[in-house]
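Good morning, and thank you for making time for this presentation. I should like to take you through one structure, beginning with charged side chains and ending with an overview of one chain.

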Amino acid sequence: MSKQSFSGLSLAWRALSGHRSWRAQWRKPQPKAGYDAIIVGGGGHGLGAAYYLAKEHGLSNVAVLEKGWIGGGNTGRNTTVIRSNYLFDESAALYDHALKMWPDLSQTLNYNVMFSPRGVMMLAHTVHDVQVSKRHVHANRCNGVDNEWLEPAEAKAFCPPLNIGTDIRYPVLGAALQRRGGTARHDAVAWGYARAADALGVDIIENCEVTGIRRDARGAVEAVETTRGVIQSRKVGVAAAGHSSHVLGLAGVRLPLESFPLQALVSEPVKPVFPCVVMSNTIHAYISQSDKGELVIGAGTDAYTSYTQRGALHVNMHTLDAICELFPMFRRMRMMRNWGGIVDVTPDRSPIIAKTPVPGLYVNCGWGTGGFKATPGSAHLFAWTIARDEPHPINAPFTIERFRDGHLIDEAAAAAVAH
Amino acid sequence: MLLIECPYCGERPELEFTYGGEAHLVRPTRPAELDDQAWSEFLYTRANVKGVHAERWRHARGCGRFFNALRDTRTDRFLAFYRAGEPRPKAGS
């Protein structure tokens, strides 16, 4: 099970044999009868949690159960934006914990996740936007999170395609810039964690849907029923994104979640034209350019709950209207494809990383429209919570019980999408 | 885009409607007697059904009235439309 190391040297060496000696990056094991811990959901958050369980908590007898293929859910469907400019202390601590892990992630995993801190600029179009943005800038700085205010001309200098004309419907009045923010390659994050976890002995089991959660006389978790048989485990962590309430429902746990389709789209690939990430909450647009050259554009959530992984075209059109006004040079750009993912949204737009009322059952959900950015931090904290049966101080406020106790983390900055 | 049949106006495009969330949630008549758990369940906990979902819609850019619908959230196909106050139809349940 030795890991094949990736480096320039190994690439050159394998080239001599015509690249025929590469092995699969992870095994395809049959499920064992039981594990020390099971993670339900093979996206970035679940695979990462399995990796940190093995790496930092000495639990290598771990399985990740994925009903489809790994990284085929929201990990492979998001727009890859990474930032941590959240308003509240709890959120700033959580998202910055993740942001601080991104620069070293490629080295840690020996897998190029193509993290590119090219800057995330959030536009302000109204007096209210300006006030809220400046409040965010100040709150972030108090929490040690970089964020700075730009006047329109400075925003234009940072992102030359931006239209700062005063004759448009919602003129740009300024912007908040987080320079440490940026993008990464989403598939590589799933694959990198899968490969690294596999090398530490974690079993990654695809095409394995959880259909039941068995509990003992005490009410604690003792096994999961799956489409590939019953698997014993006293610790089960669920990181199933839009299906979290469905999976937790199998154990009788009800969650404050609703699942909505969230759409994104990409253009035809072009030469490098767009240097950063630009987001606008007010007129709802966000855009960046992938290394492949496609413009990656995020649309909003559809109005209704659904599990269909598709949405209505008018939601995309609304976003493209805004893109074309802010960046007139893209008006003749052709869009190549669009798709949807199912996002689980909490009432306060903050996630839940916590124990559940069922002993041995843990949940990492509610990331809504913005979970990708938090992948390393979320996975790291979820592994801690599962291994020690108690939350890390950073995720301690992100419980299910906060809704009962009135300690909501009402994070308006949770996403650039209207909600 | 969904085609939605308002029980008062007939079939119209989704753009004329706003979504009102899960249907048949009854506001407790004596909220002061609820404990925090029961109150938070009324406020925040939703069935989030993967299957047939009873939900409210409002014909906001039409007659302005609320009504209910049954929709399968796995396919987005509507199974029934009915007026507010009427019981949930048997269809697909």
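I begin with A:Lys292, which counts as exposed because its relative accessibility is 61%. Please keep in mind throughout that this is a predicted model. The side chain of A:Lys292 meets that of A:Glu294 in a salt bridge, with 3.8 Å from N to O. Is A:Glu294 itself buried or exposed? A:Glu294 is buried, its relative accessible area being 7%.

A:Glu294 has a further partner. Its side chain also meets that of A:Arg337 in a salt bridge, here with an N to O distance of 3.7 Å. A:Arg337 belongs to strand E17 of chain A, residues 335–345, whereas A:Glu294 sits in the loop between strand E15 (285–289) and strand E16 (295–301), so this pair ties together parts 43 residues apart in sequence. As for its surroundings, A:Arg337 is partly exposed, with a relative accessible area of 42%.

Over all chains, the structure holds 22 salt bridges. I have chosen one more pair to discuss in detail. A:Asp203 forms a salt bridge with A:Arg27, and their closest N and O atoms are 3.1 Å apart. Why can we say that this pair ties together parts that are 176 residues apart in sequence? The reason is that A:Asp203 lies in strand E8 of chain A, residues 203–205, while A:Arg27 lies in the loop between helix H1 (8–16) and strand E1 (37–40). The two residues may also be described by their accessibility. A:Asp203 counts as buried, at 4% relative accessibility, and A:Arg27 counts as partly exposed, at 28%.

Salt bridges also form a network in chain A. Its members are A:Asp96, A:Lys100, A:Asp146 and A:Arg180.

Let me now turn to two helices of chain A. Helix H7 covers residues 186–199. Its 14 residues should span 20 Å at 1.5 Å a residue, and the end C-alpha atoms are indeed 20 Å apart, so expectation and model agree. How many of the 14 residues of H7(A) are buried? The number is 12, and the helix is thus mostly covered. Among the buried residues are charged ones, including A:Asp187, A:Arg195 and A:Asp198. Others in the buried set are A:His186, A:Val189, A:Gly192 and A:Tyr193.

What do the buried residues of H7(A) pack against? They pack against H2, helix H4 (102–109), E8 and H10 of chain A. Strand E8 is the element in which we placed A:Asp203 a moment ago. Just after H7(A), A:Gly201 takes a positive phi of about 105°.

Helix H2, one of those packing partners, covers residues 44–56 of chain A. At 1.5 Å a residue, its 13 residues should span 18 Å; the end C-alpha atoms are 17 Å apart, which agrees. H2(A) is mostly covered as well, with 11 of its 13 residues buried. The buried residues include A:Gly44, A:Gly46 and A:Gly48, together with A:Tyr51 and A:Tyr52. A:His45, A:Leu47 and A:Leu53 are buried too. Just after this helix, A:Gly58 takes a positive phi, of about 65°.

H10, another packing partner of H7(A), leads us to a loop. A:Glu390 is found between helix H10 (375–388) and helix H11 (402–405) of chain A. A:Glu390 is partly exposed, with a relative accessible area of 42%. Which residues does A:Glu390 contact, leaving aside its neighbours within four places in sequence? They are A:Lys355, A:Trp384 and A:Thr385. In addition, the C-alpha atoms of A:Glu390 and A:Ala354 are separated by 8.1 Å, although these residues are 36 apart along the chain.

I close with chain B. Its secondary structure comes to one helix and six strands, and from the N terminus on the elements run β-β-β-α-β-β-β. The C-alpha atoms fill a box of roughly 45 × 30 × 20 Å along the principal axes. Of the 93 residues of chain B, 37% count as buried. Among contacts in chain B with a separation of 6 or more, 46% come from residues 24 or more positions apart.

The accessible surface of chain B comes to about 5,300 Å², and carbon and sulfur atoms account for 47% of that area. Chain B carries 15 positive and 13 negative charges, and the mean positions of the two sets are 4 Å apart.

Technical notes:
Residues are numbered from 1 along each chain as its sequence is written. Chains are lettered from A and ligands numbered from 1 in the order in which they are written. This is a predicted model: local features need pLDDT of at least 70, side-chain atom pairs count only at pLDDT 80 or more; totals for chains, interfaces and linings use all residues. Side-chain values use heavy atoms; hydrogens and water are left out. Helices (H or I, at least four residues) and strands (E, at least two) are DSSP runs, numbered from the N terminus. Buried means under 20% relative accessible area, exposed over 50%, partly exposed in between (1.4 Å probe, protein chains only). Contact means heavy atoms within 4.5 Å. Accessible areas come from the Shrake-Rupley method with a 1.4 Å probe; for residues, only the protein chains shown count as cover. The place of a charge is taken as NZ of Lys, CZ of Arg, CG of Asp or CD of Glu. The expected span of a helix is 1.5 Å times one less than its number of residues. A salt bridge is a side-chain nitrogen of Lys or Arg within 4 Å of a carboxyl oxygen of Asp or Glu.
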